[in-house]
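I set out to record what can be looked up about enclosed space and cysteine pairing. My entries follow the order in which I checked each item.

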Amino acid sequence: MSGRRVLHFVLLAAVLALLGLSAFSVFFGVRPDEQVQYSDKVRRVQALDTWLNEAVLRSRSGLLLNYDPLVFAVRETSNIHRALSKVPSFVAAEGKQALLEQIEASAASAQEKAAFVEEFKTENSVLRTSLHYFPMLIARFGEGSSEPALRPLAGLAHALGSAVMLFEATGDSEARRRVEVASRTLEAASRGTEARAVRSDIELATRHASILLERKPKVDGLVRRILSAPTSVRARKLDLLYRELEAGALSEAVLRREWLLGLLLGIVIFGLMEIILAMRRTARVRERLAGELERAHTSLAKEHERERQTSAARSRFLAMTSHEIRTPLTAIGSSAELLESFGQKWDSERRLDHVRRIREASRSMERMLEDVLIIGRADAGGLSLAPTPISLNTFCQELVEALMQRTQNTHAIQFSFQGDTSVSLDERLLLHVLGNLLNNAIKYSASGSTVWFSVHALTEQCEFVVADQGIGIPNEHLPSLYVSYCRAKNAEHLPGTGLGLAVVKSAVDAQGGTIALATELGRGTTFRVLIPRQRAEREIWNAS
Amino acid sequence: MELGTWHASNRRVGTALAVALVLGCTAGTEDRPTQQLDSLQALDMSEPLCALPEAPRVNEAWAALGEMLFKERAVSGDQKVACADCHHDGHGLADETPLSNVEGRRATLLNAPTMYNVVYSFRVTWGGRYESLEAHLDDLVKNPDVMASTWAIASEHLQSKAGYIERFQAAFPDGLTPQNVRAALVEYERSLVTPNAPFDRYLLGEDDAISAEAKSGYSLFKMYGCTSCHQGCGVGGNMLERLGILREYFDDRNGGRPADEGLYQKTKNERDRHVFRVPSLRNVARTAPYFHDGSVRTLEGAIQAMARFQLGRELTLEDTRSIAAFLNTLTGRYRGKPI
């Protein structure tokens, strides 16, 4: 995977993680309002419990004369437990189970306590009614009473009243005994009286006294059970568990926040990296395109130059042919005309001279055509090498002799040969090379000057050096020296096709050789050609 | 870590989130608002009785629909009985006959009690069987001797009655549904409160709101120990007590009827035999006859019976009259109108 794809992958993963975390936080994260409301409810369970205890104690002591606060506390506790079972979303499933169990336990103990409270209310009302009775009893039997039937019983009624008050205050067995004794004494004394109303009053007093004896321990027992109910412990446990879960959820939320910020930072950094890399990539691409454009420009220019050269060559060819073909053709034409008109009259010597002229002109045309063909073949890559065993010395000597004969000894040709004369070379190509070089040497040097032609057959290659004392080649012409139909300025007045050196170059190349020259304007030119010997052919030669 | 720090960091988390993603937060659930402990604690509890608070806020559209349903016979299974057939509008929403006799139903076993201030009763029905209005209504609708229906049947009947569909659609987003029939009835029950009784005005400082006789009646009411049970804002209705403490109420009567068993009917706990919800005495002067069996026709008779069975004493006629005068001052006003 490329660096760029890795970067994209990391970026995508980071964005997905960011979205995932955020979604999680939104749906399962801690919502402040929810958290505050819930924890408030959890704490309210304890507050209500304490408050219920207080209300029960106040009811028992007579400081609170109605049960509305108790009813409210019990109902509110039950409502809150119901509301608590809707656990906030930030509490995880595991914690939720534990929390629900604690809520269940707290609700159960609260319900148990509520049942005791209910019983307390019922019993306490009866107890309070009975306690209410005794001040009225004492008042009725008091000193101010006008009923004679009551007077003997007044002391006993007082005794019962004080015993009851003592019992209510202490609740111990001695006080209980006193109430029982006072009650029995009063009842016994009342039997002696005739007044029915008095008997009924005494009966009521003893009845209340017995209710008091029975209910006070019962009510006090209920109060103790209410106060010792495990509700506060359960509520505290619930509170602790919830605080634990809350703290856990909050620390998770903090951790998530850190992750979020980390991811956000990562995304920003990776994003910046991506932008920088993209800019770099763009710059590289621009550079490459600029290079390509330049190369295209160059190749286009080259193409253009080649086109220009081809076009120039074509016009040179046309110029050359129009001139170089017409000259021999004119010569042939005029000689043939003269022979036709005066052939009978002329002596044989003169006739022969014209025949020779025709032959020379046709040979010149033939050579020219051959040169054109060779150049054509070389351009088409069809210049094949066909080496044959030759005697190099003989070959070169014959060449020199033929040349001297043709030029009628206008120039002195100094020929030298060194080395092994038996070589294997392409005779025809060699002829093109040496013929053209020697022709040029003669053509571009003054009559009477010397042309040096030295051949050196070495082991690996043959060296041919042709030197003249001619006009030399101008420096500016050197680059296009071997281009066909191209002629140097100082040679333009001399007849020529501009093919010679092009043919030489093609023939040397075809044989795998090299050509080099040294020239000085007005002093002369020296060409040096090296042609490798054909080893296999040489061996065959040696063997035969 | 301290709670405050947690809250602060939590807020920061929220802010970071909001900034990071510009995602909105959903509001937390709004719990039913409850009376604050603090305000209740501040109340003066040195008097056994307290003034009835002003009527609680109710959904008026629901309550109005509930009132219609209260009088609507189509709520019952056979479309012959309405709540109002036993809870008479002209009689403090109670029945003036001891036991209710409605055509097509067996005679009831209990006197139909007043519906006023039912919301202040900590339990519903004479025996204190139900802890909520909803639970009571659910059973009442199903009871074959009462409505012999279900909420679904009631809702179905109402569909074919003119006007209900439109009224429900106006009051509830989801229109006429069994749940909404129940909700409307409950809302009506919640609206049935009667504040501003002369006695309440007296408690709140209006000294001449009640007569001197009523004032002395109130003193006797406290002195004889009536307020041991009939206390609180409802003058009763906040506790359970046995009927017949100093004398057996059921001794000389046929106490074997299931309806006489009180809470025992529900709990089967011997301790709860003949234990009833202490009824609220508000509007008591308008809701004769008295007691669960409707056996006492007059207020004076009821006062004397209570003194006899619960307090073990025979009240003089004078005391009885004074107490009756006091009880007469407990008649309140429903929606500002006298009952």
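**Cavities and cysteines**

I began with the second largest cavity, whose lining consists of Thr129(A), Tyr133(A), Met136(A), His208(A), Tyr224(B), Leu311(B) and Arg313(B). The model I was examining is predicted. For this second largest cavity I noted a space of about 30 Å³. I then looked up which element gives the most to its lining: helix H4 (residues 93-140) of chain A, with three residues. By class, I recorded four nonpolar, two polar and one charged residue in this lining.

I next checked how many cavities of 30 Å³ or more the structure holds, and found two. The largest cavity has a volume of about 40 Å³. I listed its lining as Val75(B), Cys83(B), Leu137(B), Leu140(B), Val141(B), Met147(B) and Leu185(B). Helix H4 (residues 133-142) of chain B supplies the largest share of this lining, three residues. I recorded seven nonpolar residues there, with no polar and no charged ones.

I turned to the cysteines and found zero disulfides over all chains. Cys462(A) is in no disulfide, and the nearest cysteine sulfur, that of Cys396(A), lies 8.8 Å away. I entered Cys462(A) as buried because its relative accessibility is 0%.

I also asked why Cys226(B) has no bond to the closest cysteine sulfur. That sulfur belongs to Cys229(B) and is 9.0 Å from the sulfur of Cys226(B), which is too far for a bond; a disulfide requires the two sulfur atoms to be within 2.5 Å. I entered Cys226(B) as buried too, because its relative accessibility is 17%, and buried means under 20%.

Key. Residues numbered from 1 in each chain as written. Chains lettered and ligands numbered in written order. Predicted model: local features only at pLDDT ≥ 70, side-chain atom pairs only at ≥ 80, totals over all residues. Heavy atoms only, no water. Buried < 20%, exposed > 50% of the residue type's maximum accessible area, 1.4 Å probe, protein only. 1 Å grid on protein atoms, 1.4 Å probe; cavity = no way out; pocket = protein on both sides within 12 Å on 5 of 7 lines; lining within 4 Å. Points joined across faces, edges and corners; volume = space filled by probe spheres on them. Helix = DSSP H or I, 4+ residues; strand = E, 2+ residues; numbered from the N terminus. Nonpolar A, V, L, I, M, F, W, Y, C, P; charged D, E, K, R; others polar.
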